[in-house]
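Subject: Structure handover

Hi,

Here is the structure for you to look over. My notes follow below it.

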Amino acid sequence: MNKVLGYQCSICGKSYALDEVEYVCPADGGNLDVVLDYDAIAKNVSVADIQASKETSMWRYLPLLPVGKPGFEYTPLHTVGWTPVYAPAPLRQATGLNQLWVKDESGNPSASFKDRASALLVVRAREVGADVIVTASTGNAGAALAGMAAATGQSATIFAPKTAPPAKIAQLLIFGARVLLVDGTYDDAFDLSVEATEAFGWYCRNTGYNPFTAEGKKTAAFEIWEQVLLAQKLDRPLCVFVSVGDGNIISGLHKGFKDLQALGWLEHMPRIFGVQSEGSAAIANAYQAGTEQIDPVSATTLADSISVDLPRDGLRALRAATQTGGAYVVVPDDEIIAAIATLGKVGVFAEPAGSTAYAGVLKALDEGLIGSDDPVLALVTGSGLKDVKAAMQAAGEAQIVAPNLDAVRKVL
Ligand SMILES: *Cc1c(COP(=O)(O)O)cnc(C)c1O
Ligand SMILES: [Zn+2]
């Protein structure tokens, strides 16, 4: 079965065949949507088929993914995705929300959401016969690609800012990728990686550049659909909160829900809320101004995974909120740190960009964008082990005791 019809540009709407372009629209640089053949897919698979699947990874949605030619059903690392959804009672009480879920992505093999994109990308790279896969990254996308490439015996080159948290750099190195730490920002690393791709004929995974990353990320929307929407009877649209840097996770989620809608499998489109740090709020600024013109900022946030000057998937990220009755909210870094501590108390360990979504829920309640009857899900996109320095800021100091019971009694 051929599942893919081609690409469509998110700016000019022009259609392209899959072998006609590789990355962005040649006319205007717009991000390309992968256009699926929904009729063919619907003939091949049903909701019941998917619900009956014994596959507990993102590959349970292979029939809806743009890879896997017949006879080439290559799906590495069946440990990506199908992450847990929790309904922590203390957070419901603290927020007053009657229905609140947290979807925790930290259990992915490289401990962030990015594994979803990289798992799909290594398959795509193999299908197009690529040797070297390159990506720019603030850390997590690189770690995900490096880990996936190591597992599949493919070759990866990573450009990351030299200021990336040490744990992320350690991951890049331990997975055996070629690591180039750029003496500059993530945006510098991005531009350099694209130049290198062109100069050396590599295959580029960059977020907001390669159309296939969003296709991997959309699997989280499919999981939210199965784990929450099909499992619960919600009488209002689910409000999904997600942290936003380049804007590719949020546009991937939107794409996933749109796929389900096109197949007739989705009753209500969720409302999608993007959350940005005050110090890196290019898309939120455009949202507030009511324009689709996204101006770059000079990013300063300790949430390194969402520290972006010029979002590479900004337009689709903006529309994910405007087209679903969602919104954008911004949160200061101290609220991001506080949210790490709050999530920790219910057993979820988030890096700053991972706790940002929950900080956004609190902000949206504050601003009256959502109320206590709205069902809400916050996506925790990365593990706290990625950035121990930020975690220690949230956690405070441990007590030190002399090695005797008296000393313990004194501090109890
Ligand atoms: C990449 C990343 C994000 C943001 O994703 P974008 O596609 O850049 O918006 C959020 N959280 C974590 C942990 C990430 O690694
Ligand atoms: Zn275009």
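Start with Lys114: an N or O atom in the side chain of this residue lies 2.7 Å from an oxygen atom of ligand 1. Bear in mind that this is a predicted model.

Two further polar contacts to ligand 1 are worth a look. Asn140 places a polar side-chain atom 2.8 Å from an oxygen atom of the ligand. Ile249 uses its backbone: a polar atom there is 2.9 Å from an oxygen atom of ligand 1. On its own, ligand 1 exposes 380 Å², and the protein buries 98% of that. The space that ligand 1 takes up is the largest cavity.

Now the shell. Ligand 1 is surrounded by 16 residues. The closest are Lys114, Asn140, Gly245, Gly247 and Thr381. By class, the shell holds 4 nonpolar, 8 polar and 4 charged residues.

Next, the metal. Which residues hold the zinc ion (ligand 2) as protein donors? They are Cys9, Cys12 and Cys25, each through SG, and Asp28, listed twice through OD. The donors lie 2.3 to 2.4 Å from the zinc ion. In sequence, the donor residues follow the spacing C-x2-C-x12-C-x2-D. Among them, Cys9 and Cys25 link distant parts of the chain, 16 residues apart. Cys9 belongs to strand 1 (residues 4-9). Cys25 sits in the loop between strand 2 (15-16) and strand 3 (32-36).

That covers both ligands.

Best wishes

Technical notes
Residues numbered from 1 in each chain as written. Chains lettered and ligands numbered in written order. Predicted model: local features only at pLDDT ≥ 70, side-chain atom pairs only at ≥ 80, totals over all residues. Heavy atoms only, no water. Near = heavy atom within 4 Å. Polar contact = N/O pair within 3.5 Å; in protein donor to acceptor, adjacent residues only side chain to side chain. Areas by Shrake-Rupley, 256 points an atom, 1.4 Å probe, with all protein chains shown as cover. 1 Å grid on protein atoms, 1.4 Å probe; cavity = no way out; pocket = protein on both sides within 12 Å on 5 of 7 lines; lining within 4 Å. Sits in = over half its atoms within 2 Å of the grid points. Nonpolar A, V, L, I, M, F, W, Y, C, P; charged D, E, K, R; others polar. Donors = N, O, S within 2.8 Å, 3.2 Å for Na, K, Ca; no water. Helix = DSSP H or I, 4+ residues; strand = E, 2+ residues; numbered from the N terminus.
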